[in-house]
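Trainee: Can we go through this model together? I'd like to know what sits where before I set anything up.
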Amino acid sequence: MNRHKILYIDDDAENLRTFKRLFRKDYEILLAESGEEGLQLLQEHAPISIIITDQRMPEMTGIEFLDQSIRLSPDSIRMILTGFTDVQALIDAINTGRVYRYITKPWDEQELYVTLKRAVDNYELKIRNTQLINDLQRKHEELEQSYLQLQDAQEKLIQAEKMASIGRLASRIAHELRNPIQGIKMGLELLRHDVSDMPECSTFQQTFDTNIHHINAEITSVERIVKDLLEYARDMKFEFSETDLNGVISGVIFNMKERLQEAEITVETHCGEIGAMTADGIRLRQMMLNFVQNSLEAMEFGGTLTIATTLADENLIQLTVQDTGSGMTPEQQQRIFEPFFTTKEKGVGLGMSIVHRIIEAHHGAIDVKSERDHGTLFTILLPRYQDDSEDRAA
Ligand SMILES: Nc1ncnc2c1ncn2[C@@H]1O[C@H](COP(=O)(O)OP(=O)(O)O)[C@@H](O)[C@H]1O
Ligand SMILES: [Mg+2]
């Protein structure tokens with residue numbers, strides 16, 4: 001270990017010299033003739049193991065100096081040299097813990113030697129204690145961190161298990177529904193055929209046709225739900241190839257142009273120069289369709305849909321989708337990627353979980369910011385290149 005540093009302040013130059021002569025063999029001695037000079041030395045040499053100061057000095061008393069030294073070298077052992085004057089100030093300083101002890105003047109060489117030795121031991125103990133406390137604190141924080149991670153992992157596991165069983169159930173129900181739906185469709189077709197062959201029914205023909213039309217529309221919507229369910233429950237396959245995300249976006253907007261116009265929604269696209277990326281173009285299209293569909297449904301009374309792409313850095317594409325629609329409560333935002341979470345009367349609640357899967361399969365990330373009655377902003381980050389372009393199931 002390095003030699004301990006002792007700082008000694010005294011306005012009597014003779015004392016300084018004697019002190020240095022006595023102790024320079026055992027310690028590194030720093031000397032100052034005034035409080036100001038002492039503070040300067042502290043600033044340059046802290047941490048200092050022991051500070052000793054004369055009490056009676058012209059500009060700054062010893063106690064005043066020691067009080068100021070705490071800020072610069074908090075762990076130092078502080079001692080004061082004094083005659084038997086200023087007793088009250090001294091007692092105060094010792095009682096409030098700012099001063100370790102006092103040494104009477106003129107000092108006794110032998111006694112001072114022992115006192116310094118004890119003070120140094122004390123200092124080492126203090127430093128070791130501080131280290132131990134810091135170690136303990138760090139260990140405690142690490143433990144707390146591990147505990148939180150464990151808790152998080154457990155929750156994810158439970159959630160994943162829950163989702164898997166919901167998925168299996170959904171898949172079975174969807175399978176079971178497929179045949180009856182086909183049956184209903186065929187039955188309707190036969191009925192329509194039979195009725196058109198019966199002249200006595202001709203007066204009902206028109207109402208009959210209208211009803212059949214309605215029933216067919218409902219069946220189509222049930223078929224779509226079943227298709228979504230099956231798609232969700234199945235492992236999704238991904239095929240990666242060079243893909244133009246800006247092209248995918250304009251394709252989706254083009255396809256939905258009429259519905260967006262009808263809903264009085266203005267679309268703004270800001271396509272940055274992002275180049276080509278490695279991705280599954282069909283899945284990215286599916287993702288964009290879901291975003292646009294949701295925004296459309298959120299902007300019942302019209303609004304603006306803004307879609308932008310840009311390079312977040314050389315290998316990272318940032319896509320933002322923003323609408324001025326209904327927005328979401330914080331609770332809804334938290335649950336948005338849960339399968340079957342929906343706030344819509346006719347919603348299935350699978351769109352966003354499929355989007356999430358698609359982004360995960362591309363090793364990307366999605367963030368949502370939303371404010372009730374103001375709108376929603378999705379920020380998606382997608383790597384431009386995939387480490388392995390092999391097909392994958394998610
Ligand atoms: N752009 C959006 N604005 C407001 N709410 C949204 C938006 N996108 C998604 N949501 C909320 O997330 C829910 C889940 O969306 P989604 O998974 O697509 O299912 P669905 O559209 O069938 O309800 C929606 O019901 C809605 O509450
Ligand atoms: Mg949706």
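Mentor: Let's begin with helix 6, keeping in mind that this is a predicted model. The buried residues of helix 6 are Leu-229, Tyr-232 and Ala-233.

Trainee: What covers the buried residues of helix 6?

Mentor: The cover includes helix 5, residues 109–196, and helix 11, residues 351–361.

Trainee: And how many residues does helix 6 have?

Mentor: Helix 6 has 29 residues, running from 205 to 233. From first C-alpha to last it reaches 42 Å, close to the 42 Å expected at 1.5 Å a residue.

Trainee: You mentioned helix 5. Which residues does UniProt list as "coiled-coil region"?

Mentor: Residues 126–163, in an unreviewed entry. In the model that stretch is 100% helix and 0% strand, and its end C-alpha atoms are 55 Å apart.

Trainee: Switching to the ligand. Which residues come nearest to ligand 1?

Mentor: Ala-298, Thr-342, Gly-347, Gly-351 and Met-352, out of 22 residues around ligand 1.

Trainee: Which helix gives the most to that shell?

Mentor: Helix 9, with four residues. Helix 9 spans 281–298, and both helix 9 and helix 11 supply at least two residues each.

Trainee: How does the shell split by class?

Mentor: There are 13 polar residues, seven nonpolar and two charged around ligand 1.

Trainee: OK, strands. What does strand 13 pair with?

Mentor: Strand 13, residues 375–383, is joined to strand 11, residues 316–323, by eight bridges, and the two run antiparallel. Within that pairing Asp-323 stands opposite Thr-376. Strand 12, residues 365–371, also runs antiparallel to strand 13, with seven bridges between them. There, the bridge partner of Ala-365 is Leu-381.

Trainee: How many residues lie between the strands in the hairpin of strand 12 and strand 13?

Mentor: Three, and Asp-373 in that hairpin takes a positive phi near 70°.

Trainee: Last one: which residue has the "modified residue: 4-aspartylphosphate" annotation?

Mentor: Asp-54, according to an unreviewed UniProt entry. Asp-54 is placed in strand 3, residues 50–54.

Trainee: Is Asp-54 buried or exposed, and why?

Mentor: Asp-54 counts as buried because it has 22 C-beta neighbours inside 10 Å, and the cut-off for buried is 20 or more.

Trainee: Which residues does Asp-54 touch, leaving out those up to four places away in sequence?

Mentor: Ile-9, Asp-10, Asp-11, Gly-62 and Leu-81.

How values were computed
Residues are numbered from 1 along each chain as its sequence is written. Chains are lettered from A and ligands numbered from 1 in the order in which they are written. This is a predicted model: local features need pLDDT of at least 70, side-chain atom pairs count only at pLDDT 80 or more; totals for chains, interfaces and linings use all residues. UniProt positions are given in the numbering used here, feature names are shortened, and annotations may be inferred rather than shown by experiment. The expected span of a helix is 1.5 Å times one less than its number of residues. A residue is buried if 20 or more other C-beta atoms lie within 10 Å of its own, exposed if 12 or fewer, and partly exposed in between; C-beta atoms are placed from the backbone. Two residues are in contact if their C-beta atoms, placed from the backbone, lie within 7 Å. Two strands pair if DSSP finds at least two bridges between them. A residue is near a molecule or strand if its C-beta atom, placed from the backbone, lies within 6 Å of it. Ala, Val, Leu, Ile, Met, Phe, Trp, Tyr, Cys and Pro count as nonpolar, Asp, Glu, Lys and Arg as charged, and the others, Gly among them, as polar.
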